[in-house]
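Open the model in your viewer and keep the sequence panel visible. The stops below go from one selection to the next.

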Amino acid sequence: MALIGQDVLRKDAYSKVSGAARYVDDLVFPGMIHGRTVRSTVPCGEILSIAVDAPGCTVVDYRDIPGRNAVAGLDLDQPCLVEREIRHAAEPVVLLAHESREALLAARVDLEVRRGDAVLDPRQATHFHKRLAIDKGDLEAGFAAADLVVEGTYSTGHHEHAYLETNGVIAVPEDGGITLHGSLQCPYFVHRALQVLLGIERVRVVQAETGGGFGGKEEYPSMIACHAALLAVKSGRPVKLIYDRSEDMWATTKRHPSLVRHRTGVTRDGRIVAMDIDVLLDAGAYSTLTPVVLSRAVLHATGPYRCDHVRIRGRAACTNTPPNGAFRGFGAPQSLFAAEVHLDRIAEALGCEPLALRERNAFRPGDTTPTGQVLGEDCAALAVLEAAVERSGYRKRRVELAAERATGGSRGSGRRGIGLSLFFHGCGFTGSGEVRLASRASLELTEGGARILVANTEIGQGARTTLAQITADALGWPLEAIEVATPDTGRVPDSGPTVASRTCMVVGGLLARCAVEMKARLGGMSAGEYLERHGPLVVTEQYRQPEGMSWDDATYRGDAYGTFGWGCDVVELAVDPDTCEVAPARITAAIDVGRAIHPQVVAGQIEGGTAQGLGWALLEQVTMRDGAMANASLTDYIIPTSIDTPPIDAVIVERPYPHGPFGAKGVGELPIDGVAPAVVNALRHAGIDLRDLPASPERISECASL
């Protein structure tokens, strides 16, 4: 295995560093015009009339849709263009296109609307997109055995993806159909959406170089692709539709706000015996991917802890706010935040150290999760806990900082504290998702080696390189012999979306099998010799579920994931006594990835996810006003810069997963799961009792414990 575990030069390094990489707004097609979306501005209402003054523009409304007026996702509940009922602000109503951007912006569309009564608080909702229930053991018996019951409620708000490149696509009428070039994560999601909308089969989707996604380009590109395609069909010309930053923040999906209630029974010696958890997510007006987000939220709601008696209830409320959707972590950060902050409060109630409580209750191999899944030998909860604690000097610093506060010694540098969180994350799709998806990956023999054909996209995470490493090592060839084809639905099979930390583990596994098969077919011949003697060779493999796995969607029992990644974050910080601003001093993140195919890429994922989680914890606050984002700009929505981000010590822990390529698990989402609770637990250690995110100076100043 010459390449696995090596920090080889990334496949996309030169093109991105040199500026040769072409993003969607760099692309120009003959006769191309520009598109614009006209949206509702009220959260709830009914359209009475539409007046359009747009000389020379192509104008599209719902009557121009040749197929079904729906953005196809899990459900078909979200219209591509409003017909009459408005269910959220920023809902698209009319589309315009013109070759002059100035003329496009000068066009006027006036909507006469009868305003309705909006539901903006998920606690007031009467309709739910999804409900889920998980039961294990006998909850009442568990509470009967408890010496102490601790209750708490924890909340998190919206979270903006803030990817570098905003959403954008170009729709090109071609060969009697549509070819769509876009900044996107999941080409086949867009492919299906266009087929449903246009009612045609001749659809092709090509990923342009993509400047970040974090889940924000998982389902939303289907919407903007549908809009561009409608304009292209009506005008008969290529249409470029690129959002500016404000429109992107105002109209697109965000992380679901959450409200999680915990009631936990524990014995005096610190054993958790009963957990009763209620998870409420604010889904917004349409379901998008909410059922799956809720699923991951409830499946991670207990945190990585043993307990024989568990009840979890989850609901996703329908409100008159823009739909929320996929975001790195996919529901797990919200429920893990609640679980880990709650655990520190349990420790306080018991009068014990939070670390000791985690050591007592953390999952071990052979333990069962709330769905009854038996954890394998790759369960690394204690390993990451030990790694983070040792590397950060947690025990010593905890004592030192407590002593400083007791003597007033830390006053000059603010109130200082140190806290930790322990967390886990299911790798790949939940339950039987991978089986239903039946992903395929192909490997094509070339004159100089082999070409990877998969639909999975490079969005900054290093997928091109890690997939090439896996393939090259399985073939026994150098990295230079492996090409990676552009994700183009006219050329690559449907290997599933680039989500859920599945690309390296699941699709990489398929490619490893393709490589083994190709090597056997070559029988010792070089690629050139084989092609000359036998002609073209393409090897395709399809997902096969590991033996012994089972899942029941109806009862939510069984193996929720093939495996879990494990993590522990330790955060040390100081709070300014005058401004209540929080200054993180250092973060240690110990993350189990099974096997690090490219350690530098893995470390980058750990550092990036940790920094993004730090922003969610401390700085990032979507302000909603009348059902819409009021601070939709990077001037008013604050994300962490390098100045706000302390040194991050990324500690890679490897507990190989037997069914991952060379033992690899997923890593993309796990690092964001634990930062926020570690921050809030550090604040608790500093004497500040906070249960809501973000931990802004305003919230801290209002804490009675300050």
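Which residue in β5 does V59 stand opposite? Select V59 and look across to β5: the residue there is L96. Bear in mind throughout that this is a predicted model.

**The pair of strands around V59**

Show β3, residues 58-60, together with β5, residues 92-98. The two strands pair in the antiparallel sense, over three bridges. In general, strands of a sheet pair through backbone hydrogen bonds, either parallel or antiparallel.

**The whole sheet**

Now widen the selection to the open sheet of seven strands, whose order is β3-β5-β1-β12-β9-β10-β11. Its pairing is mixed. At the edges are β3 and β11 (203-207), each of which pairs on one side only. From one strand to the next, the twist averages 25°.

**Two helices across the sheet**

Add helix α5, residues 220-235. Helix α5 lies across β1, β3, β5, β9, β10 and β12, and runs at about 40° to β9. Then add helix α4, residues 187-198, which lies across β10 and β11. The angle between α4 and β11 is about 150°.

**V52**

Go next to strand β2, residues 45-53, and pick V52. Is V52 buried, partly exposed or exposed? V52 counts as partly exposed because its relative accessibility is 39%, and that class lies between the cut-offs of 20% and 50%. Beyond its neighbours within four places in sequence, V52 is in contact with V59, R108 and V109. Draw a C-alpha to C-alpha distance from V52 to V94: the two are 9.2 Å apart in space and 42 residues apart in sequence.

**The nonpolar cores**

The largest nonpolar core has 101 residues. Select V279, W566, V679 and L683, the residues with the most contacts inside this core. Helix α8 (residues 332-350) gives the most to the core, with nine residues. Centre on V279: leaving aside neighbours within four places in sequence, its contacts include L259, V260, L294 and R313. Another core, of 36 residues, lies apart from the largest one; among its members are V190, V203, V205 and A251.

**The second largest pocket**

For the last stop, turn on a surface. Which residues lie nearest the centre of the second largest pocket? They are G73, L74, F189, L289 and V292, out of 49 lining residues. The volume of this pocket is about 1100 Å³. Colour β7 (128-136), α4, α5, α7 (290-299) and α12 (433-437), since each supplies at least two residues of the lining.

How values were computed. Residues numbered from 1 in each chain as written. Predicted model: local features only at pLDDT ≥ 70, side-chain atom pairs only at ≥ 80, totals over all residues. Heavy atoms only, no water. Pairing = 2+ DSSP bridges. Helix = DSSP H or I, 4+ residues; strand = E, 2+ residues; numbered from the N terminus. Axes fitted to C-alpha atoms, helices over the stretch in contact; angles between N-to-C directions. Contact = heavy atoms within 4.5 Å. Buried < 20%, exposed > 50% of the residue type's maximum accessible area, 1.4 Å probe, protein only. Core = buried A, V, L, I, M, F, W, Y, C linked by side-chain atoms within 4.5 Å. 1 Å grid on protein atoms, 1.4 Å probe; cavity = no way out; pocket = protein on both sides within 12 Å on 5 of 7 lines; lining within 4 Å. Points joined across faces, edges and corners; volume = space filled by probe spheres on them.
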